[in-house]
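Trainee: I would like a close look at a single part of this protein. Please take one sheet and walk me through it, strand by strand.

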Amino acid sequence: MNIQALLSDKVSQAMTAAGAPADSEAQVRQSAKAQFGDYQANGIMSVAKKLGMPPRQVAEKVVELLDLSGIASKVEIAGPGFINIFLDRGFVAANADSALIDARLGISPVEPQTIVIDYSAPNVAKEMHVGHIRSTIIGDAAVRTNELLGHKVIRANHVGDWGTQFGMLIAYLEKVQNEHAGDMNLADLEEFYRAAKKNYDEDEEFAARARSYVVKLQGGDEYCRKMWRKLVDVTMAQNQLTYNRLNVTLTQDDVMGESLYNDMLPGIVSDLQDKGLAVDSEGAVVVYLDEYKNKDGDPMGVIIRKKDGGYLYTTTDIACAKYRYETLGADRVLYYIDSRQHQHLMQAWTIARKAGYVPDSVALEHHMFGMMLGKDGKPFKTRSGGTVKLSDLLDEAIERARKLITEKNPDLKDAEELEKLVNAVGIGAIKYADLSKSRTTDYIFDWDNMLAFEGNTAPYMQYAYTRVASIFKRAGIDLNSLTQPIVISEDREAALATRLLQFEEVLTVVAREGTPHTMCAYLYDVAGLFSSFYEHCPILNAEDETSRNSRLKLALLTQRTLKTGLDTLGIETVERM
Ligand code: ARG
């Protein structure tokens, strides 16, 4: 059920009937205040302007022609020409009932699109660090949301698995294997990378071998290929553990690393040359873009092949966009990459569009995000100033959650249940803290805030969920016994039920904009509305059977909405805490 879409349709019809031009928009929004009704149509003013008529007069005419019988109980004109719509309680109750009996909570079917989502994208032979957490978490929420709506989502983990560094990494892997008779320990990838680099810088013979391996690897040499594979596999096996801990849906099958596009690169460069888009410049191949100016105001040159014949990150992203459209059949491609790579992406896509690799009908969207900062407002670092490994961060989250939970809940003795709870809260806290902030800006990472039981945090939301869930457990209610329809008589029931019916509207926004924080804000709001409903409308001790049945159903719909909503965020719920 998408009330906003339904009302938009109705108001648009009335506007057309009132003589509004075809491109007029109803601009139906959820009202910010109860006195303005549940929804507001704000499109009248611009229609009046186009028609050269006083807005109030247009509003009156539209309201006269607006048929909301069975949907609204009152329609009012306010201010210069806003239309305030008050939903009918019978309509709200009936739709809440329908949502409750539907496994998908009444979410309307969509015209399914193929959506490729590029996220996480760690680098081979490096450990995942805090810089990868936002892409991983926000991208996964976008995946889950679009899937719930019914779209076909292809997860694309654009792993950094190609480049000249692999010569040095293969040479070092070989050395380690020789020295340790085959048993390789890559547990500490950071250390491995550092040692490889050190050998490369200090040992001329090693460096020469490394350079020859790069050439061989690119030429498809079997031995180098095998060694490379090993590096990729070990890294991704380790990253998989992190994905599992994070409750992120990525698997090894979703790896579509940079190497995947390698074979396409020579063809792309020659094609761009043939099309006159790329030109030779001092031995390199360059595309000059009028859209981007360099310091001197001249078109910016984007190198797509270096003088030594090597290709670049941009060349790969041109090929990658082409592949996602041509081979994967994408209707939309979403990239969860930090904002510092914006210009890079825009250049790659401008070139891909000019070359006709991706038609305008296919959206390439950069859903960028800011950096994670420490409490001091500087990039988040370890005490000694190093990058924070993701696994260390998760360990700390678990330890902090354990402390919090055992203090709050000393009687929880069941080890398995405790572990599950600690995990849900610890990991949930980190994820929710990130997801609940608008992604476009930097954000301050703060343990105390994210683990607080008050405010828009994971522990608060998880606790709110258990409170609703416990009602049923406590009263031993058989859900099948709730056969009577929902009846809404109190304002607080109406407010809660209406908000619950807006779930799909929020999903649609998150799916379109890639903004999970709007889902967090919504769920937080639902939890608050439930609290005040719970406080003022007795459920188990309701005055009569009809109210009791009805309120139990509202509680159940709240429980399911919170659970499904938290699920789209990849936040786990527990039944008690
Ligand atoms: N591996 C890159 C990094 O760690 C991110 C890749 C993002 N995806 C892309 N299509 N460029 O910065």
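Mentor: Here is a walk through one sheet, followed by a glycine elsewhere in the chain.

Start with confidence. This is a predicted model. The protein averages a pLDDT of 94, and 99% of the residues score at least 70. For the complex, the predictor gives an ipTM of 0.98 and a pTM of 0.95.

Now the sheet. It is open and has 3 strands, in the order β7-β8-β9. The pairing is antiparallel. The edges belong to β7 (278-281) and β9 (299-305). Each of these has a single partner strand, so one side of each is left without a neighbour in the sheet. From one strand to the next, the twist averages 45 degrees.

Look at the pairing of β7 with β8. Strand β8 covers residues 284-293. It pairs with β7 in the antiparallel sense over 4 bridges. Within this pairing, Asp 280 stands opposite Val 285 in β8.

Next, the helix on the sheet. Helix α12, residues 342-354, lies across β8 and β9. Its direction is at about 100 degrees to β8.

Last, the glycine. Gly 163 sits in the loop between β6 (152-156) and α6 (165-179). Is Gly 163 buried or exposed? It counts as partly exposed because 18 other C-beta atoms lie within 10 Å, while a buried residue needs 20 or more and an exposed one has 12 or fewer. Compare its position with that of Gly 19. The two glycines are 144 residues apart along the chain, and their C-alpha atoms are separated by 62 Å.

Key. Residues numbered from 1 in each chain as written. Predicted model: local features only at pLDDT ≥ 70, side-chain atom pairs only at ≥ 80, totals over all residues. pLDDT = per-residue confidence, 0-100. Pairing = 2+ DSSP bridges. Helix = DSSP H or I, 4+ residues; strand = E, 2+ residues; numbered from the N terminus. Axes fitted to C-alpha atoms, helices over the stretch in contact; angles between N-to-C directions. Contact = placed C-beta atoms within 7 Å.
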